[in-house]
Amino acid sequence: MLQLLMETDVEGLIGAGRYERSGERNTWRNGYRDRTLDTRLGSLQLRIPKLRQGSYFPPFLEARKSSEKALIAVIQEAWIGGVSTRRVDDLVQAMGLSGINKSQVSKLCKEIDERVHAFLDRPLVGEWPYLWLDATYLKQREGGRIVSVAAIIAVAANTDGRREIVGLHIGPSEAETFWSTFLKSLARRGLHGVKLVISDAHEGLKAAIRRVFGAGWQRCRVHWMRNALAYVSKTQQSMVAAALRQAFLQPDRAQASQMLRHVADQLRPKWPKLAAFIDNSETDVLSYFDFPEQHRSKLHSTNPLERLNKEVKRRADVVGIFPNEAAIIRLIGAVLLEQNDEWQLQHRYMQVEAMAELATPASAVDPRQIPCAA
């Protein structure tokens, strides 16, 4: 019956029956192509007619094609959302199919690559005064062994006060060349106007920032505090932390620097290494005081990325060990894509009025000299 339906459809498209000679025909037949149609009663082998000019696809197969796309979309979203490839098999069986194995799930999810790469490689328009960088460490198979790789996530805020995820980079280390390669890729895509980069004290990052963007660097205050308290016994950490926080409560950089030096001098007799640490890192941890007061609460640390990093780690823990770098970019990039879409629907992340204070003043132009009248 299905074969007769297709033959009737094709005759209508051609304008003539099989072996019928007619000057009003639109095209000619060109053999058949085989297609399997799976039904609840079994599989049917169909022969779909082919045309010399144009194409024909039976309408009763279109619904199946749409349902296939819907099923693939469900599998992909479940995988991105945190459902392991093994549990996807249970989901597919609940939808009435026989099941799907781990390799098939991974193959279907490779179709996400196009969306992810388009997102991660998109051009960046406008100026981006603030850039946050944070590293998350994941496990990956490489040459028959398991290695730890750094996944660097970059978030930037533009002059409209909105933040976006602007990049993802995977690498084996955090040397200067690693950071320079990543920052240069951001610059090539249009990231410019960077005034301040906020991150932890990664080796080689400061030199890369100066070389690529010529911007200032803010050492994450939260990580800085943890590093400082590591020089103190646990019983004394609360007291030392309270003293250090006094510097961050000051209204400007000069007073904050003065307070931090005063605290360092008080702690020097008992904890000389802690005092030396404060002396060496004072400039980096107070950099955010040079920027508008309305923005400082979001500039002193990488805390704005904490929720994002937790979601990335939650998804990475489901996988455990990634087979290769492409699998990391596929999964983490998809998570970042969805998070970035959510951010675009929210209110501005920073007050746009204060962004005017960051504008570079235009160079003064000498007025034209008016010649004296004769």
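## Strand S3 and its surroundings

S3 and S4 form a hairpin with 2 residues between them. Glycine 143 sits in the turn and has a positive phi of about 60°. The model is predicted.

**Strand pairing**

The two hairpin strands, S3 (residues 130-142) and S4 (residues 145-157), run antiparallel and are joined by 13 bridges. Glutamate 142 has arginine 145 of S4 as its bridge partner.

S3 also pairs with strand S6 and with strand S8. The table sets out the pairings of S3.

| Partner of S3 | Sense | Bridges | A facing pair |
|---|---|---|---|
| S4 (residues 145-157) | antiparallel | 13 bridges | glutamate 142 and arginine 145 |
| S6 (residues 196-199) | parallel | 3 bridges | tyrosine 130 and leucine 196 |
| S8 (residues 321-322) | parallel | 2 bridges | glutamine 140 and phenylalanine 322 |

**Nonpolar cores**

Which residues have the most contacts inside the largest nonpolar core? They are Tyr130 and Trp132, in a core of 61 residues. Helix H13 (residues 325-344) gives the most to this core, with 9 residues. A second, separate core has 24 residues, including Leu124, Ala154, Val194 and Trp217. In soluble globular proteins, nonpolar side chains tend to be buried together.

Tyrosine 130 stands opposite leucine 196 in S6. Leaving aside residues up to four places away in sequence, tyrosine 130 touches Val155, Ala156 and Ala157. Its contacts also include Leu196, Phe291, Pro292, His295 and Leu299. Met350, Met355 and Leu358 are touched by tyrosine 130 too.

**Helices**

Which residues of helix H8 (residues 221-229) are buried? His223, Trp224, Met225, Ala228 and Leu229 are. The cover over the buried residues of H8 includes strand S7 (216-219) and helix H9 (237-248). Helix H10 (253-267) and helix H11 (272-285) are also among the elements that cover them.

H10 and H11 pack against each other as well. Their angle is about 170°, and their axes are 8 Å apart. Because angles over 145 degrees count as roughly antiparallel, H10 is roughly antiparallel to H11. On the H10 side, the contact is made by Arg253, Ser257, Leu260, Arg261, Ala264 and Leu267. H11 brings Pro272, Leu274, Ala275, Ile278, Asp279, Glu282, Thr283 and Val285. The residues of this contact divide into 8 nonpolar, 2 polar and 4 charged.

Key: Residues numbered from 1 in each chain as written. Predicted model: local features only at pLDDT ≥ 70, side-chain atom pairs only at ≥ 80, totals over all residues. Heavy atoms only, no water. Pairing = 2+ DSSP bridges. Helix = DSSP H or I, 4+ residues; strand = E, 2+ residues; numbered from the N terminus. Buried < 20%, exposed > 50% of the residue type's maximum accessible area, 1.4 Å probe, protein only. Contact = heavy atoms within 4.5 Å. Core = buried A, V, L, I, M, F, W, Y, C linked by side-chain atoms within 4.5 Å. Axes fitted to C-alpha atoms, helices over the stretch in contact; angles between N-to-C directions. Parallel < 35°, antiparallel > 145°, perpendicular 65-115°, else oblique. Nonpolar A, V, L, I, M, F, W, Y, C, P; charged D, E, K, R; others polar.
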